[in-house]
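Please look over the sequence and the structure shown here before reading the report. What can be said about the chains as wholes, and about a few of their elements?

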Amino acid sequence: MRFLSDTISETVRNIHSGEITSTSIVKRSLDTIARGNENLNAFLSVQSDHALKRASELDGLPADQKKSMPLFGIPVAIKDNICTKGVPTTCASHMLSNFVPPYDASVVEFLLNAGAVPVGKTNLDEFAMGSSTENSRFGITRNPVDPSKIPGGSSGGSAAAVGAGFVPAALGSDTGGSIRQPASHCGVVGLKPTYGRVSRYGLVAFASSLDQIGPITSDVRDAGLLLEVLSQVDSRDSTCARKPFSNNQDIYSLDTRGLRIGLPAEYFGEGLSDDVRLPIMNLLDMLKERGAQAVPVSLPNLRFAIATYYIICTAEASSNLARYDGVKYGFRDTRGKTLTDMYSLTRQNGLGDEVKRRIMLGTYVLSSGYYDAYYLKAAKVRTLIAQDFNAAFEKCDVIISPVSTTPAFSIGEKTEDPLQMYLTDIYTVSANLAGIPGISVPCGTAGGLPVGVQFISSHWREDLLLKVGYASQVALENR
Amino acid sequence: MEYEIVIGLEIHAQLLTKTKLFCGCASKFGDPPNTNGCPVCLGLPGALPVLSGLAVEMAVRMGLAVGCSINNKSVFARKNYFYPDLPKGYQISQYELPVCGPGFLVINVGGVEKKVGITRIHLEEDAGKLVHDQDVDSLFDVNRCGTPLIEIVSDPDMRSPQEALAYLAGIKQILEYLKICDCNMEEGSLRCDANISLRPKGQETYGTKTEIKNMNSFRFMEKALEYEARRQEEVLDSGGKIIQQTYLWDPSNNKALPMRSKEDAHDYRYFPEPDLLPLTVEQALIEKARASLPELPQVRKSRFINEFVLPDTTADVLTSDRHIADFFEATLNFFNDARQVANWIMGDILRIMNEQKITLDAITVTPARLGKLLSLISDGTVSAKAAKKVLDTMQSENKEPDTVIDQLGLRQVSDTGALEIALRKVLDEHPAEVERFRGGDKKLTGFFVGQVMKLTKGTGNPKEINTLLQKLFG
């Protein structure tokens, strides 16, 4: 179910022309949330009064001011690991249950400047660690297509909010697939930009060298529009490249003649269900009919991707999460007598099992005596994986792949076995390791559940992802 | 057994940048607690560091001043440990690739020159400050969090506490010459930790070392190192073993207190800081920094010796402090006799500073005033002896030398008429001495001059009196 039948750009034009108002759209979003969120738990908090006030202020602006805002009056949802000034930002953790940031993340500033109206903060796996949004301290989120299924994760709340038609767009963050995988499970579009495209200032860090903020939308063109707004130059993040994306409308020309689509053998081998394989192959055939060509490529180091990813992300996480010690903000357990008591009780009771598991793993791989064997080796393999992609992109423009091995699984199905859960990230983590962008676009259903397809390109070529993504969207619509 | 002492120093110098190392907060000592903080230095979730270019430039200047190689690419690393004064739970420092590679400093102890190796210089952020002297709770002050430091690590090249002091003094001198640190050891803008071990004379391998922290003055460092060397000697002589351990110097009890042993030493889990790109120092920046280096103490000292023909020790004292050397050269613009100027600075200006326990900033005698006073001595307006009194008054009353000379009535009488009247009076009063003088007892010259001086209350110009005496008896 889509919130808007049009694209965001068309809706903004309708607001500009006075056909509709921001207030009416925001009200509709809030009403839908009020009706549906209790069941889905996509939102951890909803700022109704604030959103309505902002919408009416926007509606009161003079016409020329409205015109300069590409997201004018559009309700958006924000993942609850992205800082919002004066609005709780919990990371779905008990540790930050009372944390109210005194500042906005850069991307939130960009959204506000573009005229967007944030309506609420969405659920996630605690500190974005998970693939099903079952690791939230504040309850699971359900898949809007089938509430007995997980919505994917960690941006499960954002994907469910867009999939349920609560909002036309939401922000997610993607460290190993956390935008693309839930987008795929909820039947929406999720774009993980090139590392350094979007400022991370204000994104609560999980794994700094992998984290990237990106949009979740119902239409590929909306993802391009959001990326343009989000990718502004920001001197507050030293890893943010000065490469703003331009959402040139030529991207959506539907001319895919000569587009070389790389088909890596390693992605379509063992472990992939037919539920996922068949819709992707169907889509590939359709794209070929429209002039694209399939090219075999090889990514030999892919088999090390999961191991490499879980060493690097846990190492960085163990350091990034050290600041949650009860000293300055957030939860503090005061039952102990000594400083060490305070540290251990606070972290023992403030953090969930998966977070603690990753902190321990990360602490271990960075420990003296193990650093070379784990962290350093993983850093080297990471380079090899990036080289594999470079070589592949000599032969093709984009790579096609699954997003997940299966459609959304049932709630509780994999919570007992963390390793099984880690393995579901197999198709998505390598883009983060290589720092390249990836998009997940709906490509059909299996047993009534959405199946997504992933396209990956080389650095800074989100335009190619949006192009092939839009071609896929249109091909499926016209099927 | 006879032992050789082996000492290496780690010196932390707080850089004189206006802002902190990774955010725009003011980096200033003495502001009210918790007034200089922001999401970045408070380690709030989501905040990210952005490196201050000025701090990098200062580190490069220091590196160049002590002959270090400058690494075109260096890497920031996280040093992970838990402590309440460390908001992020890690300190951003440099580990495997520091900004400056090996260099050296030449020290001079008892006339013997020696090269002390410098292992590296790296950039890092400081931690906050905890205040423990409250009734119940410890208090935290964020102001110091994230202020920029360079850590200068020496090789284990020093063989006595005296050499360590000379090295620390040399580093301090250069930091001051470069104007990149105010080097206030009491306030902690310059801090020094020492690694010290003993080994039997002649042995090549190093003994087990201990680390001493909290030596916040030269005197404490000397005491601490002597204390620790003696302690280790006693342990070794009695057949014991040195335990690798960190000690805190307790200046009130003149003791080193054990802080932590190697067993409970932190595993800092260093790894490259993913929030910062590798630091690139372009060759152009290095050349610019090199060109902007001031004349450094040892070079300046040689120039003073050659250009002004000053003795080694004089040049040494003058250049030991950049401000004094500047004062010396400024005074030369007003009175061009380097030896005289040097003598007056070392004799009287430094005396006033010591007596009144003040720094050069608080000296009201400007180079112009001192130069004027010296020219007044030279042209006979005031005697050298009286001028010392004049200088003291110039300082205490913040006045020009002319004014003070008149105020004290010390203007020297060179008027031959007035002096002749005085001389004739003296001669009339001492007929016996006049007879002996006529008889050839020339030693009486001094007597007559002295008597005239007494009569003129010290304002008579002795040279003129002498000439008059020769004339009257000539």
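The report below takes up each chain in turn and then some chosen helices and one loop residue.

## Chain A as a whole

The model is a predicted one, and every value given for it is computed from that prediction. Chain A carries 16 helices and eleven strands, and its C-alpha trace spans about 65 × 55 × 45 Å along the principal axes. The radius of gyration of chain A is 21 Å, which agrees with the value near 23 Å that a compact globule of 479 residues would have.

Of the 479 residues in chain A, 64% are buried. When contacts between residues at least 6 apart in sequence are considered, 75% of those in chain A join residues at least 24 apart. The surface that chain A exposes comes to about 16600 Å², with carbon and sulfur atoms supplying 51% of it. As for charge, chain A has 46 positive and 48 negative side chains, and the centres of these two sets are 3 Å apart.

## Helix α5 of chain A

Helix α5 of chain A covers residues 106-113, and its buried residues are A:S106, A:V107, A:V108, A:F110 and A:L111. These buried residues of α5(A) pack against three strands and a helix of chain A, namely β2 (75-79), β4 (169-174), β6 (212-217) and α8 (220-230). Just after α5(A) comes A:G115, which takes a positive phi of about 95°.

## Chain B as a whole

Chain B holds 15 helices and 15 strands, and its C-alpha trace spans about 95 × 55 × 55 Å along the principal axes. A compact globule of 474 residues would have a radius of gyration near 23 Å, but the value for chain B is 30 Å.

Buried residues account for 49% of the 474 residues in chain B, and among contacts with a sequence separation of 6 or more, 68% are between residues 24 or more positions apart. The accessible surface of chain B is about 22300 Å², and 52% of this area belongs to carbon and sulfur atoms. Chain B has 56 positive and 65 negative charges, whose mean positions lie 4 Å apart.

## Helix α2 of chain B

Helix α2 of chain B (residues 161-177) has 17 residues and reaches 24 Å from its first C-alpha to its last, which is close to the 24 Å expected at 1.5 Å a residue. This helix is mostly covered, with 13 of the 17 residues of α2(B) buried. Following α2(B) is B:K179, a residue whose phi is positive and near 55°.

## B:E400 in its loop

B:E400 is found in the loop of chain B that lies between α10 (384-397) and α11 (401-408). The relative accessibility of B:E400 is 39%, and because partly exposed residues are those between the 20% limit for buried and the 50% limit for exposed, B:E400 counts as partly exposed.

Leaving aside residues up to four places away in sequence, B:E400 touches B:R369 and B:M394. B:Q91 is 309 residues away from B:E400 along the chain, and the C-alpha atoms of these two residues are separated by 53 Å.

Notes
Residues are numbered from 1 along each chain as its sequence is written. Chains are lettered from A and ligands numbered from 1 in the order in which they are written. This is a predicted model: local features need pLDDT of at least 70, side-chain atom pairs count only at pLDDT 80 or more; totals for chains, interfaces and linings use all residues. Side-chain values use heavy atoms; hydrogens and water are left out. Helices (H or I, at least four residues) and strands (E, at least two) are DSSP runs, numbered from the N terminus. The radius of gyration is taken over C-alpha atoms; the globule rule is 2.2 Å times the number of residues to the power 0.38. Buried means under 20% relative accessible area, exposed over 50%, partly exposed in between (1.4 Å probe, protein chains only). Contact means heavy atoms within 4.5 Å. Accessible areas come from the Shrake-Rupley method with a 1.4 Å probe; for residues, only the protein chains shown count as cover. Lys and Arg count as positive and Asp and Glu as negative; His and the chain ends are not counted. The place of a charge is taken as NZ of Lys, CZ of Arg, CG of Asp or CD of Glu. The expected span of a helix is 1.5 Å times one less than its number of residues.
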